[in-house]
Structures are given as structure tokens and as C-alpha cells.
Amino acid sequence: NYLPKDCIVIEDSIYGIMAGLKANMTVIAYLEHILYDKEEYIKKINSLGKVYICNNMLEVKELILRFN
């Protein structure tokens, strides 16, 4: 029973990130375990729209706390 604008999606896949953006939710790209070219992946993510990028769970936690 939450509005999309009040939700946060934490995703590591392009398709999950795209789905969160399409649903008008706040999207955090979690990239700690990405094994391939992270720089290229970040460029791809940034081309999708407004996405927050975190490299570990501490960054995710700190970001979520700032939203509140």
C-alpha cells in the first residue's frame, strides 16, 4: 500500500534498474559484486536516468538514511 515515489529499489541488474525507473521508484544500483568492466556498466546505468550508485552495503545504508 505504498506509492511508487515512496519506494526504494536496490538492484544490480540493468533490467531491474530499468523496471524500478519505469515504476517511478527511487533506484539504487548495488555494484559491490560486479565482476566485469564496472566503468562501462556505470556508463550504461547513468544513461538510464536518475540512479544512485553504491559500491557496498554501508553506502546503501548511508544513502537510505539520507532519504529519511
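This passage walks through the strands, the nonpolar cores and the side-chain pairs of the structure shown above, which is a predicted model.

A convenient place to start is strand β2, which spans residues 26-30. Four of its five residues are buried, so β2 is largely enclosed by the rest of the structure. On one side of the pairing scheme stands strand β1, residues 8-11, which runs parallel to β2 and is joined to it over four bridges. Two of the bridge partnerships can be named: valine 9 is matched with valine 27 of β2, and isoleucine 10 with isoleucine 28 of β2. Between these two strands comes helix α1, residues 14-22, and β1, α1 and β2 together make a right-handed β-α-β unit.

Strand β2 also pairs with strand β3, residues 52-54. The sense is again parallel, with three bridges joining the two strands. Here isoleucine 28 reappears, with tyrosine 52 as its bridge partner in β3. Isoleucine 28 thus has a bridge partner in β1, namely isoleucine 10, as well as one in β3, namely tyrosine 52.

Attention now turns to the nonpolar interior. The largest nonpolar core has 10 residues, made up of Val9, Ile14, Ile17, Val27, Ala29, Leu31, Ile34, Tyr41, Ile45 and Val51. Two or more residues of this core come from each of α1, β2 and α2, the last of these covering residues 38-46. The bridged residues valine 9 and valine 27 are both members of this core. Another member, Ile34, touches Asp12 and Tyr41 when residues up to four places away in sequence are not counted. Apart from the largest core lies another, of five residues, which include Tyr30, Cys54, Val60 and Leu63.

The polar and aromatic side-chain pairs make a short list. A search of the whole structure finds one salt bridge. In it, the side chains of lysine 5 and aspartate 6 meet at 3.3 Å, N to O. Lysine 5 is exposed, with a relative accessible area of 60%, while aspartate 6 counts as partly exposed at 45%.

The structure likewise holds one aromatic pair. Its members are tyrosine 52 and phenylalanine 67, whose ring centres lie 5.2 Å apart; their planes stand at 70 degrees, so the arrangement is edge-to-face. Tyrosine 52 belongs to strand β3 and phenylalanine 67 to helix α3, residues 57-67, so this pair ties together parts that are 15 residues apart in sequence. Both rings belong to partly exposed residues: tyrosine 52 has a relative accessibility of 26%, and phenylalanine 67 has a relative accessible area of 33%. Tyrosine 52 therefore figures in the aromatic pair and also in the bridging of β3 to β2, as the partner of isoleucine 28.

One further residue, alanine 19, can be placed on helix α1. Alanine 19 counts as partly exposed, at 46% relative accessibility. Its C-alpha atom is separated by 19 Å from that of isoleucine 64, a residue 45 positions apart from alanine 19 along the chain.

Technical notes: Residues numbered from 1 in each chain as written. Predicted model: local features only at pLDDT ≥ 70, side-chain atom pairs only at ≥ 80, totals over all residues. Heavy atoms only, no water. Buried < 20%, exposed > 50% of the residue type's maximum accessible area, 1.4 Å probe, protein only. Pairing = 2+ DSSP bridges. Right-handed = clockwise from strand over helix to strand, strands pointing away. Core = buried A, V, L, I, M, F, W, Y, C linked by side-chain atoms within 4.5 Å. Contact = heavy atoms within 4.5 Å. Salt bridge = Lys/Arg side-chain N within 4 Å of Asp/Glu carboxyl O. Phe/Tyr/Trp six-rings, centres within 6.5 Å; stacked < 30°, edge-to-face > 60°.
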